[in-house]
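Got the viewer open? Let's take a walk through the model, one selection at a time.

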Number of protein chains: 2
Amino acid sequence: MTRMLLWLPGLVLTFATVTPMLHADEGMWLFTNPPSKQLKEKYQFEVTPKWLEHVQKSSVRFNNGGSGSFVSPDGLIMTNHHVGADALEKKGGDKHDYLKEGFHAKSNDEELKCEDLELNVLMNIEDVTDKVNGAVTPDLSPVKAAAARREVIARIEKEATDKTKLRSDVVTLYQGGQYHLYQYKKYTDVRIVFAPEQQIAFFGGDPDNFEYPRFDLDLCLFRAYEDGKPAKIEHYLKWSKAGAKEDELVFVSGHPGRTRRLTTVAELEYMRDIDYPFTLQRLNRAEVLLLSFSGRSAKNAQEAKETLFGVQNSRKARLGGLGGLLDPEFMVHKKEQEQKLRAAADKEPQSREKVSPWDRIAGAAKVRANILHRYTLLEGRSGFNSGLFGIGRALLRGGEERPKPNGERLPEYGESRLESLQFQLFSAAPIYDDFEIVKLTDSLTFLASELGADDPQVKKVLNGKSPADRAAELVTGTKLKDVAARKKLWEGGKAAVDAAKDPMIELARLVDTESRALRKKMETEVDEVNQQAYAEIAKIKFKVEGTSTYPDATFTLRLSYGVVKGYEENGKRVPFETKLGGIFERAKANNYKEPFDLPERWLKVEKESNAKLKLDTPFNFICTADIIGGNSGSPVINKDAEVVGLIFDGNIQSLVLDFAYTETQARAVSVHSQGIIEALRHVYNAGDVADELTGKPRKATK
Amino acid sequence: MTRMLLWLPGLVLTFATVTPMLHADEGMWLFTNPPSKQLKEKYQFEVTPKWLEHVQKSSVRFNNGGSGSFVSPDGLIMTNHHVGADALEKKGGDKHDYLKEGFHAKSNDEELKCEDLELNVLMNIEDVTDKVNGAVTPDLSPVKAAAARREVIARIEKEATDKTKLRSDVVTLYQGGQYHLYQYKKYTDVRIVFAPEQQIAFFGGDPDNFEYPRFDLDLCLFRAYEDGKPAKIEHYLKWSKAGAKEDELVFVSGHPGRTRRLTTVAELEYMRDIDYPFTLQRLNRAEVLLLSFSGRSAKNAQEAKETLFGVQNSRKARLGGLGGLLDPEFMVHKKEQEQKLRAAADKEPQSREKVSPWDRIAGAAKVRANILHRYTLLEGRSGFNSGLFGIGRALLRGGEERPKPNGERLPEYGESRLESLQFQLFSAAPIYDDFEIVKLTDSLTFLASELGADDPQVKKVLNGKSPADRAAELVTGTKLKDVAARKKLWEGGKAAVDAAKDPMIELARLVDTESRALRKKMETEVDEVNQQAYAEIAKIKFKVEGTSTYPDATFTLRLSYGVVKGYEENGKRVPFETKLGGIFERAKANNYKEPFDLPERWLKVEKESNAKLKLDTPFNFICTADIIGGNSGSPVINKDAEVVGLIFDGNIQSLVLDFAYTETQARAVSVHSQGIIEALRHVYNAGDVADELTGKPRKATK
């Protein structure tokens, strides 16, 4: 297989050239367009085509949204425990709880074959921009242009697949500035080799999630097989003896999911002052409600568990994002970037004829701010937090929308979406009356608090009752808990739905006129305006900067770089690494209470007077590399492309990386390569695995 | 001692008479003005002067804000465990933890003498309205009138004390419509007889607080001594054999602390739509912050524990209050009451000359709503949640205020308050840097979110930094953690404070101009307007209704009544009582996990195959009596003045009783008299105590 590096900047720059202002270690770079200049100037590192090809082909994409890498010639693959958790859970079945027990195959025979895990390795990259653009002539209407683009992309993908048998995806980069054809080798026989207990992989649980210092062995090892034998791998990452050192230049090769770094200052300010605060207010409210409901009984805690975890996770993410948005340095940087781009755009004659896309986005943000609360409460269902209301609305709107021509329906009732909508609607997942009443009471209270109890819509909704009484009446009165009843109404259509007079459907009906109007306004005056304006900005940016910078993340392979480095927080220095011994201190200081409890293997080591585990071995560390969701399981490598660590989290300050890179405090968090080997050898008695990682041929452990 | 029942309605009614609209079992009635008519008409119960005297003299006031009653001729006093907790803790010293162990004096000799507990029993009531009003002539200015009133009250109290040696207090009733002289017999030798473990007294902890059904033995027994011997008590409550039965008429005699039942509809609407929602938003935010900080380590949890408990308690109280305010029935009732009073007031000729007090209060509520957020954030310190900021502001303002004449200072810097201010300011209570930074970061974020990051005041406060960086800089940079430094600045006055350039003082200085302006506006345009308007309404109400109804609660003895009755909640019937066996079920369903763990004595009984404890004995029950904070420990008695229960909580729906009575769901929660006896005999082996309660002479338990 030949690697085709056919990169052709096909556009003539009519705009004034602006050198993009990048922060030192910024960027999720294309392997076809690496940050060679930055690496050379700042780190005197010459990145070669050979180095790039080796790292690219050693990198593995997990279809469930994670990253990984080959780490032995015999197909051994390293990723995070949380990337492998689904496979571990499935393989346990009724007999084992591998999340709890951990797993260690002492020979190839014992490795557990996963049923539905497909891994991809990127083999070829081809620039197909001209081919795609060639099919889209300027005379086409936007709708026809989109169709023509879809068609040519499908053709390119099919031809490539037929020719190479590789999985072939055309990837849209720079918001349409470039199109690349990515071809992947697939591995479908993947087996579990080793996993520690989830307890140690996610030590510190939710309290420590997004935090640093950390003490997690978030590791899972798989092996790729071909023809029933361990795959013979040409490109795999060797293990570094030294591991990550302070101030060392490191690289992260992985699959960042999505960034929105074009977001304008006006929209960031809207998010900072309006959207994030309101979202946090709702998340705080939900968290208190769920915790207080959970505290009342073990049964309640079980019912609320999943929702609670999601709420806590979102709350942390928003809080971290808001912290970044409130950092003036961050905003100043964004303003400077934007100013340069706007100045360049202003020089173009046609720019004077219409409102600039930046100003249109600012206008849309104002519209959104004005309707945000009512929209979120009514159309967004924050005022009706009950799954039963969702079902009621789906039945009501389903009855009204389905008779319409496909193109005129609300998108979620379009023909192609009906199947998944029905799948959700007819789900037999349990609905608990008491939990529904508690959630609905709270959200009706929130509705009345936000809009005022005398608001006509609120009065209609409450119907002369207190939120608690109204919620009880609705939840106990509705027939929608019964899946058969839902099916009957869905199939009966509008007539059946209208005749049912089900209280939950009638509630949805009460607010539907205003709710639909708000949605229409949001779609036409905000979403559409933004979509068009951002497309224009992307075009301007690409014209101005071309490929001198990196494109937004797209779930495809990227190279980030940075240095191993601590930071200042709360007036204190946060050191760049933690040691294995630290986990025992942290567990002890928290009385070994969940989620700071240790698995038995670790407790045993702690007690043993002659334990071999070296407590001063580095365990976790941080670096400035630019990462985001999707990078989970990415290898951290040094200049020699040797593994020095394994990405598993970002600290809370990194949660603003969605919008822009910052290295003041944002850090990627990794397991240290030495910590992995030390734990394998002296906690898990998995010398065989450690041997294979460090380059010795594997022998079965006795 | 003679009981003086000198009740004289001294005012001629010039207003149209309005029969107060009372809900069925409403009222915290004066013993001098019981609800005889209501009891006769609804319950065919004739309340006699003898019955009233007996109950009054059997009732005991605990100085720490609770209630109690004599329950044996030998001075045995019953109250709540949480009323006695302070005494139990103090007596434990280093040797015992009586809160954990419980306590049982097996003979009088073993009873534990409390060092600082004073109990009061109300012996005489005299109407002194004419005496007080006689001293306040109409020609006096408001300031002189207040002084004259204070003077005559002090004289009446002194004369009464000199004459009778009883503690003598003049109590202001009906907001000044009446003045009564209350005379109390004091007991200062009080000893602890029995207390169960706090674990069972507060079973279910915070999650079950303000909830029902409940399973709590919230009981503590003391004994009053005179001259070193158990006091011989003429009036004590006998024990009911049957205990509280469903639908039975019961009475509560106790000391409700404070109600604000004059609150106008406009102010209630302001609270419902503006004040409570904003307060809940802040409490939710604080709770999530404290829980998430606590989750990070046991040390954090310890630092945040007290604050967290307070926040959770307030959140529940507000949520309950808001639930009531959002109940349309509640508001309709308030509106009808107010309409009648306003109609009566409108008939008076002078009422046309000025804006009605109701309209002035409505206007003040609008002003408050407009400045509430900025006021709360800046002057109320919600934007600067750090004890160090409070110290900084106290030093800054102390320097500015103390040189002013006493009458011109902010009240908290007045001569009479300086001592307690210094006591707080120089407290050596520990201040934790990390906790302060976390709280300050969060509150600066809240400030920016509420006012917008581009608000000039916010920009000044953040000073070009992110909330986290600014908080760290302030907390680590201030010298105010050092008590000696505070003392020096306090003593050095304005010059020293200005010269110090302490960052926390300078932060307080930055916002002080706007903060003081907001406070001035709040005081002059809201508080003063309300104070005058409510005084007018009180006068109108008293003129119209006179003593045909009950006055607001004043921490003095009142009689409430109601029936033992369940209610509807979430579409389900909540039964009126729980059984002893229920506690084992509830503990088991929650895996005996704190706060649903049981004390060893109870676990032992649960395991014993031949345990005598009858599981179907009533344990807790609810009734419709009108109670509020201060009623803790009040006896619940039947028509024969026999004990059928012991008040210890109100359900969450009762938390609106501050503003108005409602019996739809609001319930007082009590320990059942039979549950007490059964637990004493068969869990605590305290047959001696049970004997004394049920009327047998006490023998020492072997």
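What follows goes from the pairing of the two chains to their interface, then to some salt bridges and a last stop on a helix.

Before you click: this is a predicted model, where local features need pLDDT of at least 70, side-chain atom pairs count only at pLDDT 80 or more, and totals for chains, interfaces and linings use all residues. Residues are numbered from 1 along each chain as its sequence is written, chains are lettered from A and ligands numbered from 1 in the order in which they are written, and side-chain values use heavy atoms, leaving out hydrogens and water.

**Stop 1: the two copies**

Colour by chain and superpose. Chain A lands on chain B with an RMSD of 0.1 Å after a turn of 180° and a shift of 0.0 Å along the axis (a least-squares fit on the C-alpha atoms of residues with pLDDT of at least 70 in both). The two copies are thus related as by a two-fold rotation axis. Which residue of chain A comes closest to that axis? Select A:Asn284, whose C-alpha sits 2.9 Å from it.

**Stop 2: the interface**

Now select the residues in contact (heavy atoms within 4.5 Å): you should get 47 from chain A and 47 from chain B. Of the chain A interface residues, 100% are also interface residues in chain B, so the copies meet through the same surface. About 3800 Å² is buried between the chains, with carbon and sulfur atoms giving 54% of that; buried area here is the accessible area (1.4 Å probe) that two parts lose on being put together, summed over both.

Switch on the side chains. The interface holds 6 salt bridges, a salt bridge being a side-chain nitrogen of Lys or Arg within 4 Å of a carboxyl oxygen of Asp or Glu. For a look at a salt bridge, zoom in on B:Asp454 and A:Arg272, 3.3 Å apart from N to O. On the chain A side, the elements that give two or more residues include helix H9 (265–295), helix H10 (298–325) and helix H15 (433–451); helices (H or I, at least four residues) and strands (E, at least two) are DSSP runs, numbered from the N terminus. H9(A) supplies the largest share, 12 residues.

**Stop 3: inside chain B**

The whole structure has 136 salt bridges over all chains. Pick B:Arg61 and B:Asp169, whose closest N and O atoms are 3.9 Å apart. B:Arg61 lies in strand S2 (residues 59–62) and B:Asp169 in strand S8 (residues 167–173) of chain B, so the pair ties together parts that are 108 residues apart in sequence. Are these two buried or exposed? Both are buried (under 20% relative accessible area; exposed is over 50%, partly exposed in between, with a 1.4 Å probe and protein chains only).

Next, select B:Glu415 and B:Arg409, a salt bridge at 2.9 Å. B:Glu415 is partly exposed at 47%, whereas B:Arg409 is buried at 11%. B:Glu126 and B:Lys131 also pair up, at 4.0 Å; here B:Glu126 is buried at 17% and B:Lys131 is partly exposed at 46%.

**Stop 4: a network in chain A**

Hop over to chain A, where a network of salt bridges links residues including A:Glu379, A:Arg393, A:Arg397, A:Asp512 and A:Glu523.

**Last stop: a helix residue**

Finish on A:Asn370, in helix H12 (residues 357–378) of chain A. A:Asn370 is exposed, at 68% relative accessibility. Draw a C-alpha to C-alpha distance from A:Asn370 to A:Glu287: 26 Å in space, for 83 residues in sequence.
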